[in-house]
Amino acid sequence: MNKNRRMKHVVAASLAFGAAALTGFGQIAPAAVYAAEQTETVKTESTKSGEQADEGLFKEETVYVNADANGAVKLITVSDWLKNAGTTESLKDVSELDGIKNIKGEETFSESGDNLTWDTNGADIYYQGTTDKQLPVSMKMTYYLDGKEITPEELKGQSGHLKIKIDYTNNAKKTVNIDGKKQEVYSPFVMVTGLILPDETFSNVMIDNGKVISDGQKSMVMGIAMPGLKESLGLNSEDFKEVSEDIQLPESVEITADVTNFTMGSTFTIALSDLLDDVD
């Protein structure tokens, strides 16, 4: 017998930005993780003969984004986990992904447009696909050597004073009602970018919005930004200009260092959209 169920849809978007993996051999290796998490309730339908419908179904989605050393997206791969907890034998889902395949198990599915029906046999479903949709947050990495902009390819093996600027763009803007008035706001993403810089290549490492930790062999750099939040709060208007200068809500990160025979591994970026849930 068919029963309507509510599935809590947890989107944990891990967009693997393969940013800035540069070696002396001229290779650019994709890596890095960019994760965004949001929660919404979506309707799903499941069937299990003779049992009462329950609320214990969850969907967790992770988006991995491979990008080049400038942050430009090359490939977006999405992994979905339907947490069935043994409660249903058939589960309806909605997905706009291309090339969907089961990556853990032999369970099959049928599809009609964006609608999927999984024959779960009570098991959790792990599936994967690709998409070319715009990301909720994008990032751009720009490199400067001795004050002049330089491409990642030209930078390999160079020495001098390096600046890496990471700009984040919040693409998740929507119109909401606040006290009866319509207002455009951004989803409040908090971006955290991490790099590991070896001491034999990097020295005097500094960051404007974040922290640098050294263990004597390498510097671990963590940058933090909140793109779009200042605009959503209205702090970029003339009325709040003096106040906003004292409120640190950065939208970019700058890392500086002295480099010798430049080479650098991948960066890792995590975007969180639920960090401010506790403060509404």
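Select Asp93 and Lys59 to start: Asp93 is buried, and so is Lys59. The model on screen is a predicted one. Asp93 and Lys59 form a salt bridge, with their closest N and O atoms 3.1 Å apart. Show the strands around them: Asp93 lies in strand 5 (residues 90-94) and Lys59 in strand 3 (residues 57-67), so the pair ties together parts that are 34 residues apart in sequence.

**Other salt bridges**

How many salt bridges does the structure hold? There are seven.

Select Lys133 and Glu96 next. Their salt bridge has its closest N and O atoms 3.1 Å apart. Lys133 is in the loop between strand 9 and strand 10, while Glu96 is in the loop between strand 5 and strand 6, so this pair ties together parts that are 37 residues apart in sequence. Lys133 is partly exposed, at 48% relative accessible area. Glu96 is also partly exposed, with a relative accessible area of 48%.

Now move to Asp68 and Lys74, whose side chains meet in a salt bridge at 3.9 Å, N to O. Is Asp68 buried or exposed? Asp68 counts as buried, because its relative accessibility is 17% and buried means under 20%. Lys74 is exposed, with a relative accessible area of 61%.

**Aromatic rings**

Turn on the side chains of the aromatic residues. A search of the whole structure finds four aromatic pairs. Begin with Trp81 and Tyr126: the ring centres are 5.3 Å apart and the planes are at 15°, so the pair is stacked. Trp81 belongs to strand 4 (residues 73-83) and Tyr126 to strand 9 (residues 125-130), so the pair ties together parts that are 45 residues apart in sequence. Trp81 counts as partly exposed at 26% relative accessibility, and Tyr126 counts as partly exposed at 23%.

Go on to Phe202 and Phe262. This aromatic pair is edge-to-face, with 5.7 Å centre to centre and 70° between the planes. Phe202 lies in strand 16 (residues 202-207) and Phe262 in the loop between strand 19 (252-259) and strand 20 (268-272), so the pair ties together parts that are 60 residues apart in sequence. Phe202 is buried, with a relative accessible area of 2%, and Phe262 counts as buried at 1% relative accessibility.

For a cluster, select Phe109, Trp118 and Tyr127, which are linked by ring pairs.

**Lysines over rings**

Return to Trp81 and add Lys83. The charged end of Lys83 sits over the Trp81 ring, 4.2 Å from its centre. Then select Tyr144 together with Lys163: Lys163 lies over the face of Tyr144, at 4.6 Å from the ring centre.

**The largest nonpolar core**

Which residues have the most contacts inside the largest nonpolar core? Select Tyr143, Ile164, Ile166, Phe202, Ile255 and Met264; the core itself has 29 residues. Colour the elements that give two or more residues to this core: strand 10 (137-145), strand 12 (160-170), strand 15 (190-198), strand 16, strand 18 (218-225) and strand 19. Strand 10 supplies the largest share of the core, five residues. Phe202, seen earlier in the edge-to-face pair, is also among the residues with the most contacts here.

**A nonpolar patch on the surface**

Switch to a surface view and select Ile196, Ile213 and Met220. These residues form a nonpolar patch, with about 260 Å² of accessible area together. Ile213 is in strand 17 (residues 210-214) and counts as partly exposed at 45% relative accessibility.

**Backbone stops**

Which residues other than glycine have a positive phi? Two places to look are Asn121 and Asn204.

Phi of Asn121 is near 55°. Asn121 lies in the loop between strand 8 (115-119) and strand 9, and is exposed, with a relative accessible area of 66%. Phi of Asn204 is about 50°. Asn204 lies in strand 16 and counts as exposed at 56% relative accessibility.

Finish at Lys104, in the loop between strand 6 (98-102) and strand 7 (109-112). Lys104 counts as exposed at 53% relative accessibility. Add Gln128: the C-alpha atoms of Lys104 and Gln128 are separated by 9.7 Å, and the two residues are 24 residues apart along the chain.

Terms used: Residues numbered from 1 in each chain as written. Predicted model: local features only at pLDDT ≥ 70, side-chain atom pairs only at ≥ 80, totals over all residues. Heavy atoms only, no water. Patch = residues over 30% accessible without salt bridge, like charges linked within 9 Å, V, L, I, M, F, W, Y side chains within 5 Å. Areas by Shrake-Rupley, 256 points an atom, 1.4 Å probe, with all protein chains shown as cover. Salt bridge = Lys/Arg side-chain N within 4 Å of Asp/Glu carboxyl O. Helix = DSSP H or I, 4+ residues; strand = E, 2+ residues; numbered from the N terminus. Buried < 20%, exposed > 50% of the residue type's maximum accessible area, 1.4 Å probe, protein only. Phe/Tyr/Trp six-rings, centres within 6.5 Å; stacked < 30°, edge-to-face > 60°. Lys NZ or Arg CZ within 6 Å of the ring centre and 35° of its normal. Core = buried A, V, L, I, M, F, W, Y, C linked by side-chain atoms within 4.5 Å.
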